[in-house]
Amino acid sequence: MKFRALTVAAALAFASSLALGASAQAATQSVIVGKPAPAMQFRTIDGKTISPAALRGHRYVLWIMATWCPSCTTGAAIVAQHMVELRARHVLILQMEAAGNLGYPGPSLASIQNSIGPAGRSPNWYWGELTQAQSLMLDPSSTPDIYYLVNKRGTVIEQGSAPGAHWDQIERFSEGR
Amino acid sequence: MDPTLVAVAAAVLAAIAAIIVDAAISHRSFAGSAAAAWDTTFRSAYAGRSLAILVTFGSAFTAFYLVALPAERFGALSFGALQFLTIGDACAAALIGYGAGATFALNATARRSKATQATLTFGGVVAALLPSSLCCTSVIPSLLAALGASAPAVLHLTGRFQGFFATYAPAFIGIAVFAVLISLWLATINLTGYCSTNPPLTEESP
């Protein structure tokens, strides 16, 4: 009898923790496909800021990553291979390190930028760091290597993870399809 | 230098050292035990079945790990990950895959599988999967959220877990290789021990 009561209590506690967890996620989920991307000022690693006005009228990939994430660094190398056509199609890449590198140390973002060669310094490729508030808003589940595709009207039209593994989706987006 | 290859080489050396020490302590001949287990498994009346187990499980596991190990770097468990396969990944996949297949074949021949052996093989197979499944996916954030962690806590904790698995992925793969090789040795002991105290295995044996 006592065991059954304990089991019921444990089940209730787990169920409530699920609900609390879900509500915690929902409270910060503010990027919705089909809705406008949040208007944010992004800080780049070379000290500049990218204002919402600067992004207006551009298609862009907003990519949130951590520098210890292997698929993120691979993805950066794959983006570098396609940088010429991305630039020709006027597609911007906003590669943003999540706040505090998601709580685990890794190489600096600048070292990743340098490691991929001249393409990493292409003028349509912005490297920056998110603030804590921006991270919570753009990546509430703290999964590294997620991205949003934003069209010229500023609407988030798709989201995904690991650009390197889903390059076909980004290719279609960059071609305007 | 490929860190996975270094970890696999270290794991193989550590496993060989552990097996030699164990053989010396238990007064077994490593070569004699291995030869006896090989003969009983692959040159007895059960050779066909043993070979089928080895080839089927070994090839299936190896093929799976050839995709799963580089998946962490690619970002998805798909054939596209093969373009990021390293020599270390390939060695680890073959050792884990065919090591597990051989362990199953030996244990099937001995017809008795001790819990510890099964656990060790299983542990090795799972350990190899930890980095690719727990890093850079939504598994850990979802678990933390399900456990009631608030969004800022998820933000902070998830990176610690995922970053840890990503950083030490080669070590996990090395541990997996070590566990599978030790499992193979335990299965060898199991089989040769069985043979030393029981009648020879034939099709007629019960």
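In chain B of this predicted model, helix H3 (residues 47–74) and helix H4 (residues 87–110) pack at an angle of about 150° with their axes 7 Å apart, and H3(B) and H4(B) are therefore roughly antiparallel to each other, the term applying to angles over 145 degrees, with those under 35 counted as roughly parallel, 65 to 115 as roughly perpendicular and the rest as oblique. Helices (H or I, at least four residues) and strands (E, at least two) are DSSP runs numbered from the N terminus, while axes are lines fitted to C-alpha atoms, for helices over the stretch in contact, with angles running from 0 to 180 degrees between N-to-C directions. The crossing of H3(B) and H4(B) is right-handed (the near helix is turned clockwise from the far one by less than a right angle; anticlockwise gives a left-handed crossing). By class, this contact of H3(B) with H4(B) comprises 19 nonpolar, six polar and one charged residues, where Ala, Val, Leu, Ile, Met, Phe, Trp, Tyr, Cys and Pro count as nonpolar, Asp, Glu, Lys and Arg as charged, and the others, Gly among them, as polar.

H4(B) also packs with helix H1 (residues 3–25) of chain B, at an angle of about 35° and with the axes 7 Å apart, and here the crossing is left-handed. On the H1(B) side, B:Thr4, B:Leu5 and B:Val8 meet B:Ile87, B:Gly88, B:Asp89, B:Cys91, B:Ala92 and B:Leu95 of H4(B), contact being defined by C-beta atoms, placed from the backbone, that lie within 7 Å. The residues of this contact of H1(B) with H4(B) divide into six nonpolar, two polar and one charged.

The largest nonpolar core (a set of buried Ala, Val, Leu, Ile, Met, Phe, Trp, Tyr and Cys residues joined through C-beta atoms within 7 Å) has 101 residues, of which B:Ile96, B:Ala128 and B:Val177 touch the most other members. Its largest share, 16 residues, comes from helix H8 (residues 169–197) of chain B. Residues up to four places away in sequence not being counted, B:Ile96 touches B:Phe61, B:Tyr65, B:Gly124, B:Val125, B:Ala128, B:Ala176, B:Val177 and B:Val180.

Chain A has seven helices and seven strands, which follow the pattern α-β-β-α-β-α-α-β-α-β-α-β-β-α along the sequence. Of its 177 residues, 41% are buried, a residue being buried if 20 or more other C-beta atoms, placed from the backbone, lie within 10 Å of its own, exposed if 12 or fewer, and partly exposed in between. Among contacts in chain A between residues at least 6 apart in sequence, 79% join residues at least 24 apart.

A:Met83, in helix H4 (residues 83–88) of chain A, is buried, with 20 other C-beta atoms within 10 Å. Apart from neighbours within four places in sequence, A:Met83 is in contact with A:Ala119, A:Ser122 and A:Trp125, and the C-alpha atoms of A:Met83 and A:Gly120, 37 residues apart in sequence, are 8.5 Å apart.

Two non-glycine residues of chain A have a positive phi, A:His90 at about 60° and A:Ala162 at about 55°. A:His90 lies in the loop between H4 and strand E4 (91–97) of chain A and is partly exposed, with 14 other C-beta atoms within 10 Å, whereas A:Ala162, in the loop between strand E7 (156–161) and helix H7 (167–174) of chain A, is buried, with 27 C-beta neighbours inside 10 Å.

Residues are numbered from 1 along each chain as its sequence is written, and chains are lettered from A and ligands numbered from 1 in the order in which they are written. In this predicted model, local features need pLDDT of at least 70 and side-chain atom pairs count only at pLDDT 80 or more, while totals for chains, interfaces and linings use all residues.

Methods: Two residues are in contact if their C-beta atoms, placed from the backbone, lie within 7 Å.
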